[in-house]
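Biologist: Please show me the model, and then let us go through the ligand and the sheet one question at a time.

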Amino acid sequence: MVVPESQEKIYHPPPDLQRDAHVPDFSSYLEMYKKSLENPEAFWKEVADEFFWKKPATGPMLQYNFDVTKGNIFVKCMEGAKTNMCYNVLDRHVKEGNLGEKVAYYWEGNSPEHHKTITYGQVLSHTCRCANVLKQLGVKKGDRVSIYLPMIPELVYTMLACARIGAVHSVVFAGFSSESLCERIMDAQSSVLVTADGVYRGDKLINLKQISDETSWDSDRDVWWDEAMSDSSEECEPEWLDAEDPLFILYTSGSTGKPKGVVHTVAGYLLYTFLTFKCVFDHQPHDVYWCTADIGWITGHSYITYGPLANGASSVLFEGIPVHPHVGRFWEIIEKYRVTKFYTAPTAIRLLMKYGQEPLQKYDLSSLRILGSVGEPINPEAWQWYYEEVGQGRCPVVDTFWQTETGGHVLTPLPAATPLKPGSATFPFFGVEPTILNEHGEEVEGEAEGYLVFRKPWPGIMRTVYENHERFENIYFKKFPGFYVTGDGGRRDKDGYFWITGRIDDMLNVSGHLLSTAEVEAALTLHPDVSEAAVVSRPHKVKGECLYCFVTLKDRREFDKKMVEELKKMVREKIGPIATPDFIQNAPALPKTRSGKIMRRILRQVARNERDLGDLSTLSDPKVVEVLFSQRSEAA
Ligand code: PRX
């Protein structure tokens with residue numbers, strides 16, 4: 001890793017940011033990084049000392065096996081220690097740190113008229129009440145609680161209430177369908193579901209309770225939040241948990257179509273989200289931080305709930321969408337709360353870019369210091385616009401690469417330390433050791449392109465797939481023994497910068513959300529008139545990628561507009577609106593090898609209208625390809 005001297009345009013950290021930064025320059029980063037790898041014990045111990053431990057650890061900071069050939073995969077952090085996440089992110093600040101009056105969240109509703117300010121003291125009291133309500137409902141340590149709520153403070157209270165009593169929360173994004181919700185409730189075997197009657201997103205009303213009632217829920221057991229909370233005490237002793245007890249399950253798409261319940265545990269996740277938030281956003285006491293993600297995704301768990309609260313930060317919690325009631329809403333909110341650190345996704349940037357500079361110019365964005373990007377590769381055009389127009393050339397852009405599985409940032413610039421190359425997630429965070437492997441699992445030195453993998457764990461990495469450790473080992477550790485396999489392609493350039501080249505499995509990234517082609521195919525083939533379906537990705541100007549579907553119908557049915565609408569509806573109902581296909585085309589037959597395997601490469605080329613197909617000799621019937629080209633769908 002070196003400060004590059006190349007021809008490419010490099011963006012150096014602004015000196016005024018470097019003055020008080022936690023990691024003030026590149027050599028400090030290198031020094032700390034070296035320490036984190038050479039002496040992880042001392043490095044993480046120092047981080048752990050910030051927190052309250054009911055009992056100290058008896059084991060080392062990190063223990064692990066990453067090699068399937070040597071036994072089961074495991075990662076343990078601070079074995080023997082007892083603590084409580086909720087205590088550390090709330091009571092510690094209120095009781096020991098005098099932050100009771102400090103704002104934890106500026107809640108901003110879907111409509112600009114709805115907003116409120118919530119202090120750390122208030123979050124603590126609501127959380128304790130909620131914890132007591134859950135206890136009254138019979139929830140005990142280790143029980144799972146599903147949460148299907150919009151971006152309202154009650155979502156944070158419920159997560160923290162679970163953490164307080166040792167229950168394991170499973171938040172389901174409130175844009176998922178009842179079937180997806182049901183699948184996640186069943187897999188987690190949750191005993192309680194916390195939901196809301198409904199929410200407006202923009203002009204659209206989403207009836208969450210009605211959607212929930214389509215699951216196998218027994219309405220006799222329903223309890224109203226306000227009634228239960230008003231009778232509930234503000235006192236609730238935290239449950240002291242083992243460092244490796246589960247904190248939450250969060251489902252993410254699996255390439256087989258069945259979502260994986262990613263499990264994160266208490267101590268490691270606390271240390272890692274705390275430190276990444278502190279360093280990557282260079283958190284300072286007077287910051288107002290805003291992450292626009294939904295808490296239903298990992299970005300919200302780590303960087304709206306746990307990381308910011310662990311740091312005693314003040315955050316904006318936004319219920320709405322970027323274009324309601326007008327396309328300047330993000331900029332209006334930045335001005336309103338004097339936001340200093342702003343974290344969003346490339347898809348949002350690309351969407352807002354379309355409206356030009358005018359909406360930006362109406363607002364004062366001079367409070368901004370650092371900009372962040374997450375969820376997908378950021379294209380150079382979007383990076384430039386973000387840096388020049390939003391950040392006014394003054395704010396470093398931290399392009400954070402990570403996954404639900406990694407718990408927190410793993411490749412990321414540090415704003416006062418790392419010279420930036422637009423589109424690169426730059427270098428590893430402390431404790432993280434990435435490398436690039438070729439097809440044979442061999443490490444490639446220097447400039448390289450191949451599989452992005454990690455050689456050793458960091459405290460915040462997932463521990464297992466809920467109730468399916470074998471699946472965990474198979475997905476992430478079998479392909480290249482000794483490494484955690486991200487599923488992403490990566491490139492290391494001559495200066496050691498990492499670039500994400502996209503998924504190398506059957507996953508695609510629509511607006512920063514991972515979907516598996518298999519899960520969409522399964523939804524399409526549920527339609528009684530479909531005999532076969534194959535789904536591929538196609539580039540999309542705003543979403544990054546979108547779904548292009550090929551369906552083969554049974555003889556009895558014509559492929560027409562009505563059919564396309566029925567299929568879209570099917571996918572929305574099975575998975576949720578985020579998975580709605582942009583293109584559905586008739587495929588009288590699919591291109592297959594002689595052994596019957598669908599040749600997705602060809603389908604991707606049809607979807608993109610790329611006619612240079614190369615070698616088709618393995619196809620059992622090459623004529624299929626011409627037919628597919630002749631029936632391409634251009635209708636969005
Ligand atoms: O493909 C990578 C992409 O998003 C995937 C992880 O998705 P998920 O678990 O839903 O978590 C998203 C939020 C952390 C990765 O495997 N991805 C995420 N961040 C970036 C990215 N691709 C390129 N650059 C990024 N900064």
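Modeller: This is a predicted model, in which local features need pLDDT of at least 70, side-chain atom pairs count only at pLDDT 80 or more, and totals for chains, interfaces and linings use all residues. Residues are numbered from 1 along each chain as its sequence is written, and side-chain values use heavy atoms, with hydrogens and water left out.

Biologist: How far is an oxygen atom of the ligand from an N or O atom in the side chain of threonine 404?

Modeller: A polar contact is a pair of N or O atoms within 3.5 Å; within protein, one must be able to donate a hydrogen and the other to accept it, and residues adjacent in sequence count only if both atoms are side-chain atoms. For threonine 404, the distance from the side-chain N or O atom to a ligand oxygen is 2.6 Å.

Biologist: What share of the ligand's accessible area does the protein cover?

Modeller: Accessible areas come from the Shrake-Rupley method with a 1.4 Å probe, and for residues only the protein chains shown count as cover. Of the 540 Å² that the ligand has on its own, the protein covers 95%.

Biologist: Which strands stand at the edges of the open sheet?

Modeller: Strands are DSSP runs of E with at least two residues, numbered from the N terminus (helices are runs of H or I with at least four), and two strands pair if DSSP finds at least two bridges between them. Seven strands form this sheet, with mixed pairing, in the order S5-S4-S15-S14-S16-S17-S18. Each edge strand has a single partner, so one of its sides is left without a neighbour in the sheet, and these strands are S5 (115–119) and S18.

Biologist: Which residue in S5 does tyrosine 105 stand opposite?

Modeller: Strand S4 (residues 103–108) pairs with S5 in the antiparallel sense over five bridges. Opposite tyrosine 105 stands isoleucine 118.
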